[in-house]
Number of protein chains: 2
Amino acid sequence: MPANEPGDVAAALFLSIGVLVRRLRQFQAEGDLSLPETSVLRRLERGGPATVTALAKGEQISVQSIGSTLAALESRGLIERRSDPADGRRAVMHITRAGTHAMSDKRNVRIGRMTRALADGFTPAELAQLTAAAPLIERLAASI
Amino acid sequence: MPANEPGDVAAALFLSIGVLVRRLRQFQAEGDLSLPETSVLRRLERGGPATVTALAKGEQISVQSIGSTLAALESRGLIERRSDPADGRRAVMHITRAGTHAMSDKRNVRIGRMTRALADGFTPAELAQLTAAAPLIERLAASI
DNA sequence: TATTGTTATACTCTATAACTATA
DNA sequence: TATAGTTATAGAGTATAACAATA
């Protein structure tokens, strides 16, 4: 049984997630969703409608930085902006039917390739390990 | 027992690693190692001396892109460039004693914060899950 | 010719600063 | 005044193209 020293876990995770992100960045074909676009759509799909500030906080970027991503998604009809009737400052973003469609395995290149690689090269036990790791990685990001 | 559908695993991983990378990007203080610098040093530390091409391939970026990172590390004495006597085209990069020192928990802000967060907020069982996930994530990156 | 690496240039993603509108 | 969001500008990180040196 290994010791799983926090320092070793940290270094190993750091290297592996960096490589995966850079690898995923390489599949940017004409018309594909970008990395941040995919992430925002997935978040809306998972967590439901959210304000600009909430999305930025979830994505761990500034409110200003998420602006162009939201504008791009909105201009393609993948999200819809609704003003909050209770607070005129707030803009609540909703994923549209087209947005959900764009996130399907067939349409989304990155998620699709990850899905195929996982289905072809990983055992159910390994998929279970990755499934268990995802929320831990999110918790780690939130606790750093 | 959940089904762990590859599509769901892919989407969950995608979101979590994106958030962690963006969170890690935020700790860029004066003099700290950058994200790619930390990654390259860790790779040399783990895998031993490597050529420019091998490092670029490991990091999943182009040979051209890794150039500035290597130049920055070399100028600060954290890596050393040696020409391969057997092949004059090759430059073999070695981590120096100072480079290893810069990667220690105390000196490296990102790895250090990850290490502390893991030590403080995660159980041994959770650390074991993350330890198991890291090589799977690397394998996924390589198989996409 | 093919491979290794460098230099030059451009694009993507994110940050900070300054601003407007609403509370 | 404080909060939600936008616009403008800049920096980090990576890509492609063109090149030089060696195999």
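Domain bounds here come from an automatic or database domain assignment, and the model they are applied to is a predicted one.

Q: How far apart do the C-alpha centres of domain 1 of chain A and domain 2 of chain A lie?
A: Start with the bounds: in chain A, domain 1 covers 32-103 and domain 2 covers 105-144. Now take the C-alpha centre of each of these two domains of chain A; the distance between the centres is 22 Å.

Q: How many residues does each of these two domains of chain A bring to their contact?
A: Two residues count as touching if their C-beta atoms, placed from the backbone, lie within 7 Å. On the domain 1 side of chain A, the touching residues split into 3 nonpolar, 3 polar and 1 charged. The full tally for the contact is 7 residues from domain 1 of chain A and 6 residues from domain 2 of chain A.

Q: Which element of chain A gives the most to the side that touches chain B?
A: The contact between the chains takes 53 residues from chain A and 54 residues from chain B. On chain A's side, the elements giving two or more residues are α1 (6-25), α2 (35-47), α6 (109-121) and α7 (124-143). With 17 residues, the top giver is α1(A).

Q: What classes of residue make up the side of chain A that touches chain B?
A: Sort that side of chain A into nonpolar, polar and charged residues. The split comes out as 31 nonpolar, 12 polar and 10 charged.

Q: Why can we say the copies meet through the same surface?
A: Look at which residues of chain A sit in the interface, and check whether they are interface residues in chain B too. The copies meet through the same surface because the share that turns up in both is 100%.

Q: What kind of axis relates the two copies?
A: Chain A lands on chain B after a rotation of 180° with 0.0 Å of shift along the axis, and the RMSD is 0.0 Å. The copies are therefore related as by a two-fold rotation axis.

Q: Which residues come nearest to DNA strand C?
A: Elements giving two or more residues to the surface near this strand are α2 and α4 of chain A, plus α3 (52-59) and α4 of chain B. There are 22 residues around DNA strand C, and the nearest are A:Ser34, A:Ile61, A:Gln64, A:Gly88 and B:Thr53.

Q: Which residues are closest to DNA strand D?
A: Here α3 (52-59) and α4 (63-75) of chain A, with α2 (35-47) and α4 (63-75) of chain B, each give two or more residues. The surface near DNA strand D holds 6 nonpolar, 11 polar and 5 charged residues. Of the 22 residues surrounding this strand, the closest are A:Thr53, A:Gln64, B:Ile61, B:Gln64 and B:Gly88.

Technical notes. Residues are numbered from 1 along each chain as its sequence is written. Chains are lettered from A and ligands numbered from 1 in the order in which they are written. This is a predicted model: local features need pLDDT of at least 70, side-chain atom pairs count only at pLDDT 80 or more; totals for chains, interfaces and linings use all residues. A residue is near a molecule or strand if its C-beta atom, placed from the backbone, lies within 6 Å of it. Helices (H or I, at least four residues) and strands (E, at least two) are DSSP runs, numbered from the N terminus. Ala, Val, Leu, Ile, Met, Phe, Trp, Tyr, Cys and Pro count as nonpolar, Asp, Glu, Lys and Arg as charged, and the others, Gly among them, as polar. Copies are superposed by least squares on the C-alpha atoms of residues with pLDDT of at least 70 in both.
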